[in-house]
Amino acid sequence: MDYGLDTKSTRLKTFNTIFIITWLLIACFPFIWTFWGSFKVRADFFSRSDWWYAISAFNTLIETGGQFTTNAYTQAWTEGEFWKASKNTIIVTVFVVSISLFLGTLGAYALSRSTEKYAFWILMAALIFRAMPHITLVSGYLFPFFELQIWGILPTTIVVLVAINQPFTLWLLYSFFKTVPKELDESALIDGCSYFQAFRHIIMPVMWPGVITAGLFSLMLAYNDFTVTALLLNQENHTMVPKIQSYLGTNQHEGNLMWAVSAVVSATAPLFMLVMFFQRQVISGLTAGAVKG
Amino acid sequence: MPNKTFFWFFLPTGLAMILFIGLPIISTGIQSFYAQHDQVVKEVKKCDPFGCTVSIVVDNEETSKIREAKPLGKFNGFGTYTDRNHLAVDEIKKFWNETENFGAFVDQVTNLPFYKALIFTLTYCLFVTPNVLLLGFIIALSLNAVARKIRGPLIFGTILPMIVTPLVGSLVLFWMIDSQGIIGANIQNLMNDPYLSLKSSKTLTWITIIIYGIWHHSPFAFVVFYAALQTVPQEPIEAAIIDGASRFQRIKHIVLPHIYPVVTFVALISLMDNFRVFEPIIGFSAEGSAQSLSWLIYDNLVNEEVILFGSAAATSMMTIIGIAILLAPVLIRTWKEFKTAR
């Protein structure tokens, strides 16, 4: 609301600045602190005697001879097999994003161009599906998957994540397709294109911003998922997030908690970079469904 | 679009949703009527010079044979729904007859696992959702007032809590609040109580998880409100300023009515998401004092001896009913709108 008539008093401005700085501290400091702490030894980051050790690196100096150490990272990635988890995460994410987008664009295009009543009901059903807690679906999967002996492998998880992701992808892409004027594909149809040709050659080229947004959200879902991956994958195939949880569980090993800290940083950094790069798309995606009503 | 074309376009995604969202719900429903087999026991007669004793042992061979023949378990009807771990019908009747006053009765009932989890889930929803709306709106107003040039990085910083997965988000906070972390240790010093810690108090755990929920979900409300604020028309606001309306009056009478549909949207989405709260309980290792419905299901599914499919499925079905009750007003409203539109 920047306009000439609205004059703000200095007091209000100061108050506003203080508020924003406080909020940003609350929002960001935990991440900065964890990043800082991941380069210390456990006795410093989880200090029994004095929390200031985390800053002065008292024990890190004694144990490693330096202010900072990357021991936690090297151990987690090699001994903790975090490399395997990140490899699995990459496989799952790539497949989930591409399959979701393929299915989602086709379905959402059909929904946006249909004038029939059932299109409305399908969208409503998708909304109900979106509300289902993932853990209730997982409790439905486990038994049949055990029986069919497809439990624990990556392809099953990929298909499940794609399906869970479809309702949201459909809604998102539906609202984007609605903004593409109907005349565009209608004229292509008159020129003799089939629906699929119109979709492929006329609509898709103008849809890239929407597709990128939907892709980002699929990516975040697949990358961040805990419920499905923790329960549907065996130890060998675990992705990053269940792997982090497994570091917490095994307390016998002194270094394990620091593995979790360094793994958290390793898993979060690429996500932050991605969001920094695509910030505009993330925000337009979150608001697409809301603002247009 | 002709029906036939629609069908082929929609088939892949429709199939995916029916197979992996629709069918699992039905599968959960069926599983909830079955319970795992009891272990088969046999009598073993053991004789030694001092006489014979009959002992009862588990017949592992028979047990696994039955399990293999009927992997779904034995039919249990609504037995799982009414047992102690779910609706606990018998226990409630007993408490009702035995306890003297209503307070004691409520105390007893809220100690049953299902009701305990239900109460935590509802408390979490009740406290987190309104605060998320409020905080998100204030941040949006506040950021909307700063210079356009520096908004980008500020928005990035604001949405960080939202983009990390709940497990990581709660861990990052937990490591600070823990008695050995930076905030926890300082609070101990401040209160002069070396035994003060998150795990020691149920109330403290609940408050922490609720604060975490607000921290995690507010950015979402912020982003939507911020985008909605960009669409508020300028003329009525300028007119209000000329008429001498205060800042608060302008927000109350012009901005809020304009973004009202968005507020209901955010409220609905965050209610749906809060109802499935589960990962923070693991992140904060708060299983001891805070359990949610989703956590109960998870706990049944990771059970070490035998996975309690029936128990998990019954809790799932009741969770789904809970979601349906939450969604009902919205669905009824949409249906009415749809009917009048025709």
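## Domains of chain B

In this predicted model, the domain assignment splits chain B into three parts: domain 1 (39-71), domain 2 (75-105) and domain 3 (114-341). The centres of domain 1 of chain B and domain 2 of chain B, taken over C-alpha atoms, are 33 Å apart.

## Phe105(B)

Phe105(B) sits in helix H5 (residues 102-109) of chain B. Domain 2 of chain B, assigned as 75-105, ends at this position. Is Phe105(B) buried or exposed? Neither label fits: Phe105(B) is partly exposed, because 16 other C-beta atoms lie within 10 Å, while a buried residue needs 20 or more and an exposed one has 12 or fewer.

Leaving aside residues up to four places away in sequence, Phe105(B) touches Phe95(B), Trp96(B) and Thr99(B). Lys202(B) is 97 residues from Phe105(B) in sequence. In space, the two are 20 Å apart, C-alpha to C-alpha.

## Domains of chain A

Chain A is divided into domain 1 (10-69) and domain 2 (80-291). Their C-alpha centres lie 34 Å apart. Seven residues of domain 1 of chain A are in contact with eight residues of domain 2 of chain A.

Which elements supply the domain 1 side of this contact in chain A? H1 and helix H2 (42-45) of chain A each supply at least two residues. H1(A) gives the most, with three residues. By type, the domain 1 side divides into three nonpolar residues, three polar and one charged.

## Fold and spread of chain A

Chain A has 16 helices and zero strands. Its radius of gyration is 24 Å, well over the 19 Å that the globule rule gives for 293 residues, so chain A is more spread out than a compact globule. Along its principal axes, the C-alpha trace of chain A spans about 80 × 70 × 30 Å.

How much of chain A is buried? Of its 293 residues, 45% count as buried. Contacts across the sequence were also counted for chain A. Among those with a separation of 6 or more, 71% join residues 24 or more positions apart.

## Where the chains meet

The contact between the chains takes 76 residues from chain A and 83 residues from chain B. On the chain A side, helix H1 (residues 10-37) gives the largest share, twelve residues. The chain A side is made up of 56 nonpolar residues, 16 polar and four charged. H1(A) thus has two roles in these counts: it gives the largest share of the side facing chain B, and it gives the most to the domain 1 side that touches domain 2 of chain A.

## The largest nonpolar core

The largest nonpolar core has 153 residues. Which members touch the most others? They are Val138(A), Leu161(A), Ile244(A), Ala263(A), Val264(A) and Phe225(B). Helix H9 (residues 154-178) of chain A gives the most to this core, with 13 residues.

Ile244(A) has contacts in both chains. In chain A, Ile244(A) touches Ala260(A), Ala263(A), Val264(A) and Ala267(A). In chain B, Ile244(A) touches Leu167(B) and Val168(B). Residues up to four places away in sequence are not counted here. Two of these partners, Ala263(A) and Val264(A), are also among the core members that touch the most others.

## Confidence in chain A

Chain A averages a pLDDT of 85, and 91% of the residues score at least 70. Among its elements, helix H6 (residues 82-113) has the highest mean pLDDT, 93. Helix H16 (residues 279-291) has the lowest, 67. Where pLDDT is low, the predicted coordinates should not be read in detail.

How values were computed. Residues numbered from 1 in each chain as written. Chains lettered and ligands numbered in written order. Predicted model: local features only at pLDDT ≥ 70, side-chain atom pairs only at ≥ 80, totals over all residues. Core = buried A, V, L, I, M, F, W, Y, C linked by C-beta atoms within 7 Å. Helix = DSSP H or I, 4+ residues; strand = E, 2+ residues; numbered from the N terminus. Contact = placed C-beta atoms within 7 Å. Nonpolar A, V, L, I, M, F, W, Y, C, P; charged D, E, K, R; others polar. Domains from an automatic or database assignment. pLDDT = per-residue confidence, 0-100. Rg over C-alpha atoms; globule rule 2.2 N^0.38 Å.
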